[in-house]
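Reader: Could you take me through one part of this model closely, and then place a few other details beside it? I would like a careful, connected account rather than a list.

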Amino acid sequence: MSAQAVHSLWTTAADPISKIDAPKIEYAQLAPTLIVIGAALAGVLIEAFVPRRSRYYAQVLVSAAALCAAFAVVVALAADGYGTTKAHIAAMGAIAVDGPALFLQGTILLAGLVGLFTFAERRLDPAAHGNRVDSFAAQAASVPGSDSEKAAVKAGFTTTEVFPLLLFAVGGMLVFPAANDLLTLFVALEVLSLPLYLLCALARRKRLMSQEAAVKYFLLGAFASAFTLFGIALLYGYAGSVSYARIAQVVDGTATDVDPALANTMGNDALLLIGGAMLVMGLLFKVGAVPFHMWTPDVYQGAPTPVTGFMAAATKVAAFGALLRLLYVVLPGLRWDWRPVMWAVAIITMLGGAIVAITQTDIKRLLAYSSIAHAGFILAGVIATSKNGVSSVLFYLAGYSFVTIGAFAVVTLVRDAGGEATHLSKWAGLGRRSPLVAAVFAVFLLAFAGIPLTSGFAGKFAVFKAAADGGAAPLVVIGVISSAIAAFFYIRVIVLMFFSEPRPDGPTVAVPSPLTMVAIGLGVAVTLVLGVAPQYFLDLANQAGVFVR
């Protein structure tokens, strides 16, 4: 064949290039995420260019300013009607701007801000070589116990990289519940997960345990991500699209304009069921539901306590938001298939978390199993499949996140020579030694138990009422039984603190800086306000309870 003929083959076969349309991005509505990611990038530059002694202050200032500004934008968007009348799909169909997205983003930003205060705490440990130290390793890259680590401690180094990592995680969490196509969902999942894997490995004390926690979390998280990605591939094969609305149309049978090349594979129910199951599995891993909970106790115990508090609160909010959107927007046509499975998951999660928590002797592991039980209670609201179900889950997540960060902030205060005293036996008699700290912790434990006049009671009541209205009354009965089991171990800790004799070699309670005081104070205030006068916030969650599609 001549060169001329070959040339004509590849020139004439190609279509004339049509004009490529520029993407239309609504920057104002995506501003909360853009502000946080921009500040995270600024934090990376601070690490590169700012002298070491000034980095801590620069990072804390930039991070706090970004989280406050992003929250202000979320409030402005909600006030402008983007949660209700102006709700729409932004960024070329990738991001939903609607009530649930804005409510969850606001909650994540506030949880991130309170978490930032606990990250920035530098008064709990005694100063090392004349330098104040925080909860994080002096130099993350050095081997635990090595000469380079000792040199880093002596030089007064601190790992200020934790602040941009926190912001990257928050940035991913803001996109995760608002994602409106499966690729955006997966990218957000990775952006929120990778910084958390790193943060878990950075504890100043018990570094080997911390690194073990990070490796476990990373390996199991990688498995869960693989399941999620495989599920996305199967759903794409089923619907010929990664867009939530398009998949929902194919599920309902209302899809038109089918591509002939895809017509043979589209609508294959095996792809839909297996893909949907794998995707839901990945999200249930993130919320810590049984049987995908194995990572939770080890990671919560090994990670630095400020990281554990932030992760326990914010990740749950983001993951439940994504799960709600997936089940309510993409798979409502599969309700009869996924509801029985979710019933089973909710029941074993509530009972499993509550029963295993009774046997725990470490306060962080106890709170980890408590968080598993709470994932079960929240799933009861997800199963309701109604507007009230959505709003009750939003309310529960808002209250739960503050209680969790506050509780872990209190755990950082109780210390002995080896750092935090997390063994329950060390907490005996704490109420006599430090009545205020014990009383605050008791408030958080009562909220976890769902005792009236706390946010925990209002949240559980809302979730169980929505579930009962949605025809899941037997689930509510099991939920109440698990709450009673869970109340036993919370109250056991309160009895231990107030009615046991203090041990002579017991821990001391460190006096924190105003940062941790604000974190704990906000936790108590939100817990009591949402418990005593929840109606305004329930109405707010109710207004935000409708997904755009």
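Author: What follows is a close look at a helix pair, and then at two single residues. The model is a predicted one, and the pair consists of helix α3, residues 52-79, and helix α6, residues 162-175, which pack with their axes 9 Å apart and at an angle of about 20 degrees. Because angles under 35 degrees count as roughly parallel, α3 and α6 are described as roughly parallel to each other, and their crossing is left-handed. On the side of α3 the contact is made by Tyr56, Gln59, Val60, Ser63 and Leu67, while α6 contributes Phe163, Pro164, Leu167 and Val170. Taken by character, the residues of this contact comprise seven nonpolar and two polar ones, with no charged residue.

Turning to single residues, Arg415 sits in strand β3, which spans residues 414-416, and it counts as buried because its relative accessibility is 9%. The side chain of Arg415 reaches the backbone oxygen of Thr412 at 2.5 Å; setting aside residues up to four places away in sequence, Arg415 also touches Leu124, Asp125, Glu420, Ala421, Pro507, Thr508 and Ala510.

Val524, for its part, belongs to helix α20, residues 514-532, and with a relative accessibility of 18% it likewise counts as buried, since the cut-off for that term is under 20%. Apart from neighbours within four places in sequence, Val524 is in contact with Val440 and Phe444, and its C-alpha lies 9.8 Å from that of Ser455, although 69 residues separate Val524 and Ser455 in sequence.

Notes: Residues are numbered from 1 along each chain as its sequence is written. This is a predicted model: local features need pLDDT of at least 70, side-chain atom pairs count only at pLDDT 80 or more; totals for chains, interfaces and linings use all residues. Side-chain values use heavy atoms; hydrogens and water are left out. Helices (H or I, at least four residues) and strands (E, at least two) are DSSP runs, numbered from the N terminus. Buried means under 20% relative accessible area, exposed over 50%, partly exposed in between (1.4 Å probe, protein chains only). A polar contact is a pair of N or O atoms within 3.5 Å; within protein, one must be able to donate a hydrogen and the other to accept it, and residues adjacent in sequence count only if both atoms are side-chain atoms. Contact means heavy atoms within 4.5 Å. Axes are lines fitted to C-alpha atoms, for helices over the stretch in contact, and angles run from 0 to 180 degrees between N-to-C directions. Angles under 35 degrees count as roughly parallel, over 145 as roughly antiparallel, 65 to 115 as roughly perpendicular and the rest as oblique. A crossing is left-handed if the near helix is turned anticlockwise from the far one by less than a right angle, and right-handed if clockwise. Ala, Val, Leu, Ile, Met, Phe, Trp, Tyr, Cys and Pro count as nonpolar, Asp, Glu, Lys and Arg as charged, and the others, Gly among them, as polar.
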